[in-house]
Amino acid sequence: MQLLYPCLIVLLLHSGQSQAKRVVGEGPIAPSTRIKGGEQAEIGFAPYQVSLQPVVGAHNCGGAILNEQWIITAGHCVENFVPALVNVITGTNRWEEPGAVYYTSEIHMHCMYDQPYMHNDIALVKLTQNITFDEYTQPIELPTRPVREGDEIVLTGWGAEEAYGSSAEYLQKLTLGFVPLEECLRIFNQTSSMGVGHLCTYSREGEGACHGDSGGPLVSDGQLVGLVNWGRPCGVGLPDVQANVYYYLDWIRRRLSGNDKCPA
Ligand SMILES: *[C@@H]1O[C@H](CO)[C@@H](O)[C@H](O)[C@H]1NC(C)=O
Ligand SMILES: *[C@@H]1O[C@H](CO)[C@@H](O)[C@H](O)[C@H]1NC(C)=O
């Protein structure tokens with residue numbers, strides 16, 4: 001399996017091309033780039049969506065606005081990045097045409113990021129300035145309950161439409177269903193890369209997260225329920241695996257309230 005974000009080095013060499021994130025289990029793991037099988041989102045459809053750009057003009061990952069000062073994304077999207085390489089683009093359906101650009105002051109990785117491998121793939125980014133909210137720029141609520149079977153989940157992102165393809169110009173959206181963890185584990189042959197901190201989504205073969213979608217939001221009933229983590233690229237008929245935001249609520253609230261100590 002692969003993480004669904006473009007490799008920065010490759011990205012800088014071949015502008016616009018997203019690369020894989022990581023490989024889990026059998027076969028290569030790829031980063032999520034662009035949504036496969038989605039449709040263009042209306043302007044203002046996902047005002048919480050951001051594009052994370054190591055240099056402005058190069059889309060790397062998605063993310064979501066939690067409040068004036070905080071963005072949430074996948075850990076692998078900001079791992080090893082200094083704050084100066086995390087530029088946050090808001091208020092737009094075109095990542096190349098920012099509504100606004102914000103800069104990062106602090107990156108908060110989950111203390112157990114990637115321990116075990118592919119787990120706790122979640123991070124918070126604190127901005128140097130407060131976001132100005134408007135019609136196209138709004139925060140998304142944290143979840144008040146776990147996702148259930150039958151819930152509709154909407155993924156948005158600028159990820160590739162084909163594995164290893166270039167990022168989508170316009171924000172894409174795709175409606176997905178919830179796959180219970182037990183079933184998802186069965187499908188992935190009980191991979192050790194999946195656990196209670198994950199949320200599986202699926203619609204049908206030909207649809208799903210792809211390279212460049214990593215870190216991007218999955219929203220159900222107006223609440224942020226997932227952040228794109230990993231998958232087998234792209235839309236090959238297997239569920240995609242997301243960080244389960246509900247599971248990380250305590251961690252998120254503690255960080256947002258300034259309690260940012262990882263145990264020594
Ligand atoms: C930024 O937003 C925070 C949280 O809403 C608020 O407490 C603070 O006063 C704001 N700072 C400025 C400079 O507006
Ligand atoms: C699970 O194992 C079976 C049998 O080895 C294999 O055919 C299948 O591709 C595996 N599933 C995944 C998602 O790797």
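**Exercise 1.** In this predicted model, determine which residues point which way from β4.

*Solution.*
Step 1. Sort the side chains. C61, G63 and I65 point one way from β4, and G62 and A64 point the other way.
Step 2. Recall the rule. Side chains of a regular strand alternate between the two faces of the sheet.
Step 3. Check burial. A residue counts as buried if 20 or more other C-beta atoms lie within 10 Å of its own. Five of the five residues in β4 (61–65) are buried, so by this cut-off the strand is mostly covered.

**Exercise 2.** Find the strands that pair with β4, and in which sense.

*Solution.*
Step 1. Take β3, residues 49–53. Its pairing with β4 is antiparallel and spans four bridges. V50 has G63 of β4 as its bridge partner.
Step 2. Take β5, residues 70–73. Two bridges join this strand to β4, again antiparallel. I65 is bridged to I71 of β5.
Step 3. Trace the connection. A hairpin of four residues leads from β4 to β5.

**Exercise 3.** Place β4 in the order of the open sheet.

*Solution.*
Step 1. Continue outward from β5. Four bridges link β5 to β9 (residues 123–127), and the two run antiparallel. T73 has A123 of β9 as its bridge partner.
Step 2. Write the order. Seven strands form the open sheet, β7-β6-β3-β4-β5-β9-β8, with antiparallel pairing. In this order β4 stands between β3 and β5.
Step 3. Mark the edges. These are β7 (100–102) and β8 (104–109), each pairing on one side only.
Step 4. Add the twist. From one strand to the next it averages 30°.

Technical notes
Residues numbered from 1 in each chain as written. Chains lettered and ligands numbered in written order. Predicted model: local features only at pLDDT ≥ 70, side-chain atom pairs only at ≥ 80, totals over all residues. Buried ≥ 20, exposed ≤ 12 C-beta atoms within 10 Å, placed from the backbone. Pairing = 2+ DSSP bridges. Axes fitted to C-alpha atoms, helices over the stretch in contact; angles between N-to-C directions.
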